[in-house]
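Let us walk through this protein together, one piece at a time. Please keep the sequence and the 3D view side by side as you read.

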Amino acid sequence: MMTDQLATYRQYAFFIKRLLFYSGLWPVKNKKNSYFYRHLPILAIVSAAILFYGCVRFCRDNLDDVKTFTKGTTPLGSMVVVIIKVLMFFLYQEEIRELHLNLESNFEEIIEKTYCRPVLFGMLNLFKRPAYIFYYLTILTIIMLTFTPFLLIVYEAIMNINPRHYVLPYPATFPWIDGSFGIKYELQYLYEIQVSWFVIFVTSGVDTAYGFYIFQMVGILRVMSLECEKIGKSSDELDIILLHNCIKKQILLLRCRDIIQNVYGPVVLNLIVSSVVVLCGLIFQVLQTEISVGKAVVAIFYGIVKMSQAFMYSWYGSILVTESEAFKRNLYCSKWYQYRNIQLMKSVLLILAQKPIILTACHFFYISMDLFVKILNTSLSYYFLLRTFDETNDKNSVVS
């Protein structure tokens, strides 16, 4: 059983590495040997920025039409998130490498202790399964979004429909695209497929890597809680060594928390805004506009992906806080005060004096389940506001 869980963990770790590697964000030791891989994050930023520009033009051209305007807000928010994720991983390459090496080395050290594995892998499926589900949901959504224009062209060709509509995967406006078929359209289509590649692997890679790092931190905390049960069952010297090891691990986890906050803080903050914008726009498109069944399905899947993103970040943050508090509670309940060892009592008090490990988004929001609830409430509030604006515009149109 433990061997199967270890193999599952190895697969999970390799899965995260593969996603980040395909997006150019894996912290490799030596990038000098690969010119292309070294500049892959820059290509991702430039590609997403160009599409962001097209989406801004589309929204600007449709400011008077709320129904059409909301179609451009969906990819607009997504491109901003992709840019921020790549930028943060690119700027904090050394810190991410440090985070990965510190957690990996400590985790591998604990794995060697067979008695720790049940506690260490107890929550593995709670992190692994959502990561896989989110990855496949993202792929399915982007495939539907990317190949819908191609299927439309094929359908119109088979049914001999004229004039034919040469649409693109993303609602964007570019000066060189006039709606006609040609080499410019083909190149634009290939470019947007390339952007979709980065959307898939940057989005799923960065988001699932966040869960993977939290899983490793939670595993270390759970093992620390297990070690606390040994206090008083051996010599005072061993108890002090055990507590000193816990202090070292806690300092390491605090450093890991700081790195995660530096890297993921702007990502989560931007995710909050983009999730509200995207979910509000998707709800409005599905409920207030006349769209085909295919587009409605794509919109629903897109909404599920955005809600999954917000849920994973919030839920993992809550798990980290819960396990951090559980460690302090288990240490406090270990009856350390009965042994009358001053040095041991000082070590325990030093650990208990620390605050729980809480993640924040740029010091504005605590990353917890409350954040997820706020995102959903705000999205619904802005949806009702958009609906009011749309009804007002319709009334003004009828009057005029």
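**A loop between two strands**

Start at Cys362, which sits in the loop that joins strand 1 (360–361) to strand 2 (365–366). Helices (H or I, at least four residues) and strands (E, at least two) are DSSP runs, numbered from the N terminus. Before going on, note that this is a predicted model, where local features need pLDDT of at least 70, side-chain atom pairs count only at pLDDT 80 or more, and totals for chains, interfaces and linings use all residues. Residues are numbered from 1 along each chain as its sequence is written, and side-chain values use heavy atoms, with hydrogens and water left out.

Cys362 has a positive phi of about 55°, although it is not a glycine. With a relative accessible area of 28%, Cys362 is partly exposed. Here buried means under 20% relative accessible area, exposed over 50%, and partly exposed in between (1.4 Å probe, protein chains only). Cys362 and Val268 are 94 residues apart along the chain, and their C-alpha atoms are separated by 8.5 Å.

His363 lies in the loop between strand 1 and strand 2 too. The phi of His363 is near 65°, a positive value in a residue other than glycine. Is His363 buried or exposed? At 71% relative accessibility, His363 counts as exposed.

Now zoom out to the whole chain. The protein chain has 11 helices and two strands. Read from the N terminus on, its elements run α-α-α-α-α-α-α-α-α-α-β-β-α. Of the 400 residues in the protein chain, buried ones make up 50%.

Helix 4 (residues 93–111) is a good one to follow along its length. The expected span of a helix is 1.5 Å times one less than its number of residues. For the 19 residues of helix 4 that gives 27 Å, and the end C-alpha atoms are 27 Å apart, which agrees. Its buried residues are Ile96, Arg97, Leu99, His100, Leu103, Asn106, Phe107, Ile110 and Ile111.

Next, look at how two helices lie against each other. Helix 7 (residues 183–228) and helix 9 (residues 293–332) pack at an angle of about 10°, with their axes 9 Å apart. Axes are lines fitted to C-alpha atoms, for helices over the stretch in contact, and angles run from 0 to 180 degrees between N-to-C directions. That angle makes helix 7 roughly parallel to helix 9; angles under 35 degrees count as roughly parallel, over 145 as roughly antiparallel, 65 to 115 as roughly perpendicular and the rest as oblique. By class, their contact has 16 nonpolar, seven polar and three charged residues. In this scheme Ala, Val, Leu, Ile, Met, Phe, Trp, Tyr, Cys and Pro count as nonpolar, Asp, Glu, Lys and Arg as charged, and the others, Gly among them, as polar.

Aromatic rings are our next stop. How many aromatic pairs does a search of the whole structure find? It finds 30. Rings of Phe, Tyr and Trp (its six-membered ring) pair if their centres lie within 6.5 Å; planes under 30 degrees apart count as stacked, over 60 as edge-to-face and the rest as tilted. One pair is Phe107 with Phe215, which is tilted, at 5.6 Å centre to centre and 55° between the planes. Phe107 lies in helix 4 and Phe215 in helix 7, so this pair ties together parts that are 108 residues apart in sequence. Both Phe107 and Phe215 are buried.

Another pair is stacked because the rings of Phe127 and Tyr316 have their centres 4.6 Å apart and their planes at 20°. Phe127 is in helix 6 (residues 124–159) and Tyr316 in helix 9, so the pair links distant parts of the chain, 189 residues apart. Phe127 is buried, with a relative accessible area of 0%, and Tyr316 counts as buried at 1%.

Finally, consider the cysteines. A disulfide is a covalent bond between the sulfur atoms of two cysteines. Here a disulfide is a pair of cysteine sulfur atoms within 2.5 Å, and the structure holds zero of them. Why does Cys59 not form one? The closest cysteine sulfur, in Cys55, is 6.7 Å from the sulfur of Cys59, too far for a bond. Cys59 counts as buried at 6% relative accessibility.
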